[in-house]
Amino acid sequence: MTDTSTVPTPAAAGPADQPSVALTIAGSEATGGAGAQADLKTFQELGVFGSLALTCIVSFDPSADWGHRLFPVPQDVLREQLEAITAAHALDAVKIGMLGSPETIATTAEVLTALAPRHLVLDPVLICKGQEPGAALDTDEALKAKILPLATFVTPNHFESLSLAGMDEISTVEDLEEAARRIHETSGAVVLAKGGVRLAGPDAVDVFYDGTTLEVLSEPKVGEVPVAGAGCTLAAAVAAELAKGAAPLEAARTAKAFVSAGIRRRITSRAPFDSLWQGGSAAER
């Protein structure tokens, strides 16, 4: 018989002993390079407990030029996921990725309006690959009308910045700064507008604007081709840092550095694109 009289009893875990909790509402991307998989890996790397409400399943088609195949999650299934998560956890931040349809947007908006999370980070996936153009437009308009007004922090890429800012061209850092200002003025959210490799020059440039502070964040480019998962990971990293109590600008700086390391340590495969590795930052320490 084991003598347990000298075995210390573990202290009961309290709120101070637990990690912050973040939720991602996003789609699955089967190769693991983007979407919910990227979000959850990012949360884990940054010391945040991640939960997931799955909106759709996306799988590339290797026999059709790696086009997207999209399977939406039924609305009652999405609603039940959100019900379970919000009942179980007091969420410190929520990150939204691909929603994929006006119906999913409506369900998500209804739940988040009632929840009113302190931090709601939106990666505004305006073009849902795999949809017909008309359906994509309906999704884009629904996202702008129902989700964007709820966001506290938004991370548009080059194309999304053009759309949200109502601009015809973003070719310079000054253009990107103007886009960030316009998006903040119309949404009220903190903006991290991503230039990435789309702007000419040696650096991948993003612009932070919160209505008062404007800061250009830059890191040396790693090639001239976008890397899968960079946008998802950036927004998830911002959400993780906000969940831990970081100020928005500090969260943006940390997320930018985290993504840059992941791009430097990117994963190659038999697919015609590279994928960001969320373990890159830890590997470089």
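How many helices and strands are there in the protein chain?

**Figure 1. The whole chain of the predicted model.** The protein chain has 9 helices and 9 strands. Its radius of gyration is 19 Å, close to the 19 Å that the globule rule gives for 285 residues, so the chain is as compact as a globular protein of that length. Along the principal axes, the C-alpha atoms fill a box of roughly 75 × 45 × 45 Å. Of the 285 residues, 48% are buried. Among contacts with a separation of 6 or more, 64% join residues that are 24 or more positions apart. The accessible surface is about 13,400 Å², and carbon and sulfur atoms account for 54% of that surface.

**Figure 2. Surroundings of A193 in strand β7.** Strand β7 covers residues 190-196. A193 has a relative accessible area of 0%, and because buried means under 20%, A193 counts as buried. Leaving out residues up to four places away in sequence, A193 touches P156, S161, L176, A180, D206 and V207. A193 and V154 are 39 residues apart in sequence, while their C-alpha atoms are 8.0 Å apart in space.

**Figure 3. Surroundings of H184 in helix α6.** Helix α6 runs over residues 173-187. H184 is buried, with a relative accessibility of 16%. Neighbours within four places in sequence aside, H184 is in contact with A189, V190, V191, Y209, D210 and G211.

**Figure 4. Two salt bridges, R69 with D61 and E224 with K221.** The closest N and O atoms of R69 and D61 are 3.6 Å apart. R69 is partly exposed at 41% relative accessible area, whereas D61 is buried at 16%. In the other pair, the closest N and O atoms of E224 and K221 are 3.4 Å apart. E224 is exposed, with 53% relative accessibility, and K221 is buried, with 15%.

**Figure 5. The salt bridge between R265 and E284.** The closest N and O atoms of this pair are 3.8 Å apart. The pair links distant parts of the chain: R265 is in the loop between α8 (248-264) and α9 (280-283), and E284 is in the segment after α9, 19 residues apart. R265 is partly exposed, with a relative accessible area of 37%, and E284 is partly exposed at 34%. A network of salt bridges links E219, R264, R265 and E284.

**Figure 6. Charged side chains across the protein chain.** There are 21 positive and 36 negative side chains, and the centres of the two sets lie 4 Å apart. The whole structure contains 16 salt bridges.

Conventions:
Residues numbered from 1 in each chain as written. Predicted model: local features only at pLDDT ≥ 70, side-chain atom pairs only at ≥ 80, totals over all residues. Heavy atoms only, no water. Helix = DSSP H or I, 4+ residues; strand = E, 2+ residues; numbered from the N terminus. Buried < 20%, exposed > 50% of the residue type's maximum accessible area, 1.4 Å probe, protein only. Contact = heavy atoms within 4.5 Å. Rg over C-alpha atoms; globule rule 2.2 N^0.38 Å. Areas by Shrake-Rupley, 256 points an atom, 1.4 Å probe, with all protein chains shown as cover. Lys, Arg positive; Asp, Glu negative; His and termini not counted. Charge placed at Lys NZ, Arg CZ, Asp CG, Glu CD. Salt bridge = Lys/Arg side-chain N within 4 Å of Asp/Glu carboxyl O.
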